[in-house]
Structures are given as C-alpha cells and as structure tokens.
Amino acid sequence: MSLTILINGILIGSLYGLVGMGLSLLAGVVRMINLAQGDVLVGGAYLAIVLHNRLGWDPLALLPLVAVIIFAAGYLVQRFLLNDILRAGSFAPLVVTFGLSLVLESVYQEVFGANSQSLPAAWGDSAVTVAGVRLESAYLVAFAVGAALTAATWGTLRYTRLGRTVRAAAADPGTARLLGINVERVFAVTFAASAVLAAAAGVITAVAQSVTPTGGLSLLLFSFAVMAVAGMGNVPAAFAAGMLLGAFQAVSVAVLGSGAETLAVYVAFFVVLVIRPSGLFGTREARLT
Amino acid sequence: MSVRSGILLGVVLVAGVAAAGPLSAANQYTGVTILTAMIIALAWNIVAGYSGQLSLGVAAFVGLGGYACGLLMAHAGFGWVTAVIAATGLSAVFAFLLGLPLLRLRGAYFAVGTLAAAVALQAGAQLWTWAGGGSGFTLPIDGLPSSVSLLRASVVGFALALAAVLYVQQSAFGLRVVAVRDDERAATGAGISCLGHRLAAFVISGALTGLAGALVALQTLTVSPAGSFSMSWTIDATLYVVAGGIATIVGPLIGVVLVYVVLTQELQSLGAVSAIIEGGLLVVILRFAPAGLWPAVVRGWRLARGGRLARLVDARPGPGVSAKVGEMLASRATKEPR
C-alpha cells in the first residue's frame with residue numbers, strides 16, 4: 001500500500017468530517033438525528049450538477065449558491081415541519097427524517113436515473129506531486145473546503161453573538177427562552193447550517209468522485225461514525241474523525257480489496273458505537289465548539 | 001393471558017387453517033405475503049411500540065431467517081418445518097447477541113446501530129461466496145412445502161406473533177416493558193431491570209421477524225443480499241405500524257391491509273413514485289395524526305356511541321376542533337334516548 005492511497009484517503013475524509021459535523025451539531029443543539037443527512041449531501045451534489053448545466057459555472061463558484069439554496073430549504077423544513085414534530089418526543093423525528101430520506105432517494109432516482117453522476121471541473125483531473133506523492137487537486141480542494149468550513153463553524157460558535165445564542169439554546173432551551181432567545185429560530189438555523197455542511201461536502205464529492213441516488217444511506221452511516229468517534233457537538237474533533245475514517249477506509253480498500261472494505265467500515269463503526277457511545281474524544285454530555 | 005385472548009387465538013388458528021384449503025393458489029400466495037407482513041409488523045411493534053426503541057434492523061432478521069432456513073435445507077438436509085423452527089431459534093440467538101451491546105444505547109444511537117448491523121449483514125452476505133455471494137441462491141426444489149402447507153404455516157406464525165403481542169399487552173411482564181419505555185428512572189426505582197426487559201422484547205421481536213423471513217424465503221424460493229436484506233423490509237414495517245397505530249394490537253394489522261392492498265398493489269406500476277408516497281405518508285401521519293389510524297377510529301367510534309365514554313374522551317385535552325365536535329356529539333347522545 002502506497003503513501004498516496006493513504007494521503008488521498010485522509011484528504012477525502014475531510015468531507016466525511018463535514019457531513020458528520022453537521023449531524024453532530026444538530027444532535028448537540030436540537031438533540032435530534034437527521035436520518036436523511038446522507039441524502040442532503042447527495043442533494044447538494046445534484047443541485048450543483050443541475051446549476052452547472054444551466055449556468056456553466058465552476059463548482060467552486062457554485063458552492064456559495066448551493067449553500068444559500070440549501071440553507072433556505074433547511075430553515076423552512078425545520079421551522080415548519082421538524083420543530084412541530086420535536087414536541088412529540090424523540091421517536092417521531094427519527095421516523096419523519098427516515099421518511100424524508102426515502103422520499104429524497106426516490107425523487108433523485110426518478111429525476112436523475114439510477115446511474116452515478118459527477119460534476120466536471122476545469123481542475124478536476126489535474127494533480128500535483130509533492131515528495132513523490134501524487135495529490136489530485138480535487139482531493140486538495142476537498143481538504144481546503146473542509147478545513148475552511150470547520151474553521152468557520154467553530155469560529156461562529158465560539159466568537160459571535162449567533163454562536164453564543166446557539167450555545168445557550170443547546171445548554172438549556174428553557175432558560176434560553178426565558179432570556180428572550182427564539183429557540184425555534186435557533187433550531188432552524190442550526191438545521192440549515194447542518195444541511196449546508198452536508199451539501200457543501202456533496203458538491204466536492206461530485207467533483208472528486210461521483211454520487212448515486214441511493215448513496216445517502218452509507219453516507220449517513222459514515223457521518224454517524226464521525227459523530228460517534230468525535231462526540232456530539234465537537235466541531236474540530238469531527239473534522240479529525242472524518243480524516244481518520246477516510247484513512248481507515250483507504251487502508252481497508254488496499255488491504256482487503258473493494259467490497260470487503262464496506263463491511264470493514266461498518267463493523268468498525270459498530271464496534272466504536274458499542275464501546276464508546278459518547279465518542280473517543282468526547283464526554284457523555286454534548287459540548288459545542 | 002386472558003380466556004378471551006385464548007379463544008381469539010384458537011379461532012384465528014382454526015379459521016385460518018380451515019380457510020387455507022379452498023383458496024386458489026394465487027390467493028394462497030397473497031395470503032402468505034399478507035400474513036408474513038403482519039408477523040413482521042406485530043414483531044416490530046413489540047420493540048418500537050411497547051419497548052419504545054426504534055429498530056431499523058428489520059431487514060437483518062428477515063435476511064437472517066431466510067438465509068438460515070435456505071442453507072439448512074440446502075446443505076444440512078433439514079425438512080422445511082424443522083428449518084423454519086431452527087431459523088426462528090437462530091434469529092432469537094442473534095437478537096440476544098446483537099441486543100446485548102446495542103440496547104445499552106438510547107434513541108438515535110440504537111436506531112443507527114441496528115441500521116449499521118443490517119447493512120453490515122447485507123455486505124457480509126454479498127461477500128459470502130459459499131452462500132451464493134451477490135446473487136444469492138435458490139432453495140432445493142424437492143423439500144419445498146405445497147402452497148396450502150405454507151399458508152397454514154403462516155397462519156401458525158401469525159397466531160404466534162399475535163399471542164406474543166397479546167401477552168405483552170396483558171401481562172405483568174408487558175406492563176414492566178412499557179414502564180421501562182415511559183420512565184426508565186422510575187422503572188429502575190421500582191426494581192425493574194431495564195436492559196433485561198428491553199432485551200426480552202428485542203429477542204421476541206427478532207425471533208418472530210426471523211420466522212417471517214424463513215416463510216418469505218419458502219414463498220419466493222430464493223434468498224439474496226439485495227432481496228432478503230433489502231431496506232424495504234424495514235421501511236415497510238415502520239410504515240405499517242406508524243400508519244395503523246403504534247403500540248396497539250389492531251393498528252399494525254390495519255396498516256398492513258391498507259399499505260399492502262392500497263399502496264403496494266395499486267401503485268406497483270408507478271415504481272419510484274410509490275416509494276415517494278410511502279415516505280411522504282410517514283411524514284404526514286406523524287405530523288397530523290401521530291397516534292396513527294386505529295386510535296383515531298376508536299376515538300371516533302366512542303364519540304359516536306356517546307354517553308360516558310364520549311365525555312371521557314372529550315375531557316382529555318386535545319386540539320380545539322375535535323374537542324368541540326366531541327362535545328356536540330356527547331350532548332346530542334345524552335339528550336336523545338336510544
């Protein structure tokens with residue numbers, strides 16, 4: 001197994017970090033798991049493909065546009081659907097997001113067909129060689145986007161007024177409400193941000209690899225694995241855990257061959273979940289930032 | 001279990017077994033499909049409804065039951081009856097081994113853990129070349145049951161599942177399972193083993209789902225990773241129970257009839273659109289009628305009957321409109337002599 005495979009695995013793993021970070025943020029603040037998180041990633045990819053066909057922009061220029069659209073959609077979904085369902089307890093949101101996942105997968109299949117699709121980029125096939133290691137630009141971009149969004153999420157939570165509001169609502173929704181924080185709006189913003197993290201990962205995934213309509217399920221498990229390793233709400237740890245997962249996947253492909261690698265990742269995930277349900281770095285309580 | 005439940009089970013068994021004979025082969029096939037779906041729905045309801053743990057691992061047990069039954073018949077020379085019984089037992093053992101670590105997890109962690117187990121088993125079956133790998137294998141043709149026998153076996157399986165749910169609904173054991181669901185801390189305080197009761201519910205449910213999986217394998221004559229471990233088993237179980245009424249006995253059965261007869265049969269030609277409707281239905285039901293269809297029907301019936309029951313229903317805090325309707329119906333019912 002060469003160093004190239006390992007490093008490319010780590011770089012692409014930063015995208016797992018992003019989508020897992022979204023899941024983890026939502027779990028930490030809203031105390032809800034979005035079982036359609038993987039399908040949001042796939043949705044971001046398809047949205048970018050559609051916009052690319054219409055506008056012909058570079059994927060990196062499409063990224064902010066996709067982010068705005070997904071943010072608006074996510075905000076509305078949480079505000080007008082999920083916030084109401086949250087009041088029914090912890091069971092109902094799981095079933096509802098499971099239903100949404102089914103709807104999204106079927107819609108993708110109807111609209112885009114069952115074959116995998118990818119997003120062309122001028123820089124998509126280029127690569128640089130550093131110290132004998134061939135690094136594809138798409139993977140480097142994945143890492144750059146991952147690191148930038150991680151820093152932005154972390155900085156927002158830690159240093160801005162919005163971040164303090166989110167942390168207050170996460171720590172104690174009741175008290176936050178008494179202090180005049182609109183908790184429902186905070187939840188909607190959090191869900192929207194979580195969706196944007198996934199969708200951004202989706203756009204880059206479509207450039208670096210490809211997406212299929214039914215790819216959401218395994219991506220959900222990957223992002224859940226990231227959260228399980230990093231601990232709920234821990235943003236930098238989620239990024240690190242994503243890269244760890246990417247490395248693990250790359251190593252298992254190289255050692256076991258593709259096919260067996262899926263099994264290896266799921267079994268490893270299962271073991272981590274059972275041994276350390278609160279995460280390898282985490283405590284039982286959700287911590288933000 | 002009460003005498004009434006015993007009589008009910010006896011009637012279901014005798015009537016089901018007797019009615020199986022005269023049916024046409026096509027109807028016998030449909031009967032097996034509906035009954036196995038009902039077994040799966042009743043089983044899922046034990047874990048999700050009464051024990052309050054969302055299991056997304058239904059496909060794991062359907063697949064396991066099917067593979068166990070098929071492999072035992074093909075390679076160990078088991079007859080189909082013993083193979084089905086052994087598959088049920090193996091599913092119970094598997095549920096115990098899987099539940100032991102997973103049931104320490106709560107809510108979403110348990111849900112995703114069961115999902116991961118199902119996907120891992122599917123990936124494992126794909127790699128298992130001895131069991132046919134990705135394309136699966138066909139059951140040995142000489143040991144198969146006739147369609148009447150298979151339908152009768154399904155009736156017996158259905159009666160077993162019904163007995164399990166009646167037991168959970170009526171026994172002290174079931175009361176403890178529900179207590180663990182509703183308030184873990186209070187249940188622990190009352191000396192109830194939370195893990196033990198969750199595990200018992202999970203094992204009963206897993207065994208019944210494995211039984212249904214074995215019957216499905218005997219019906220479709222093949223097992224494969226894509227079919228036996230398909231996510232659609234999990235999706236369907238969830239939809240049946242949520243649509244019909246979670247944590248009720250009749251709800252899941254109504255859910256099967258409704259979803260199978262109305263959706264699956266009528267919308268089969270529409271392909272992916274039917275999946276969109278199924279998923280959308282889950283969302284809509286939980287948004288507007290989270291208790292499901294059957295509790296709504298019961299409530300309407302009680303209101304229509306009027307009298308003390310209607311006032312009882314009316315007294316419960318609920319949405320304004322239906323409370324007003326209840327008030328109206330109750331006052332009319334008490335004024336008008338019957």
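Let's start at B:Ile40 in this predicted model. Setting aside neighbours within four places in sequence, B:Ile40 touches B:Val58, B:Val62, B:Thr209, B:Ala212, B:Trp233 and B:Ala237.

B:Ile40 also belongs to a wider network. The largest nonpolar core holds 212 residues, and B:Ile40 is among those with the most contacts inside it, together with A:Ala142, A:Ala199, A:Ala200, A:Val203, B:Ile39 and B:Leu208. Helix H8 of chain A, residues 183-208, provides the largest share of this core, with 19 residues.

Now for the place where the two chains meet. Chain B brings 33 residues to the contact and chain A brings 34 residues. On the side of chain B that touches chain A, helices H4 (80-102), H5 (107-127), H11 (231-244) and H13 (272-288) of chain B each supply at least two residues. The top contributor to that side is H5(B), which gives 14 residues. Sorted by class, the side of chain B that touches chain A looks like this:

| Class | Side of chain B that touches chain A |
|---|---|
| Nonpolar | 24 residues |
| Polar | 7 residues |
| Charged | 2 residues |

Helix H7 of chain B, residues 172-182, is worth a visit too. Its buried residues are B:Gly174, B:Val177, B:Val178, B:Val180 and B:Arg181. Viewed down the axis of H7(B), these buried residues fall within an arc of 155 degrees, so they line one face of the helix. What do the buried residues of H7(B) pack against? Their partners are helices H2 (25-50), H6 (147-170), H8 (184-189) and H9 (194-220) of chain B. On the face of H7(B) turned away from its buried side sit the exposed residues B:Ala172 and B:Asp182.

Notes. Residues are numbered from 1 along each chain as its sequence is written. Chains are lettered from A and ligands numbered from 1 in the order in which they are written. This is a predicted model: local features need pLDDT of at least 70, side-chain atom pairs count only at pLDDT 80 or more; totals for chains, interfaces and linings use all residues. Two residues are in contact if their C-beta atoms, placed from the backbone, lie within 7 Å. Helices (H or I, at least four residues) and strands (E, at least two) are DSSP runs, numbered from the N terminus. Ala, Val, Leu, Ile, Met, Phe, Trp, Tyr, Cys and Pro count as nonpolar, Asp, Glu, Lys and Arg as charged, and the others, Gly among them, as polar. A nonpolar core is a set of buried Ala, Val, Leu, Ile, Met, Phe, Trp, Tyr and Cys residues joined through C-beta atoms within 7 Å. A residue is buried if 20 or more other C-beta atoms lie within 10 Å of its own, exposed if 12 or fewer, and partly exposed in between; C-beta atoms are placed from the backbone. The arc is that of the directions from the helix axis to the C-beta atoms.
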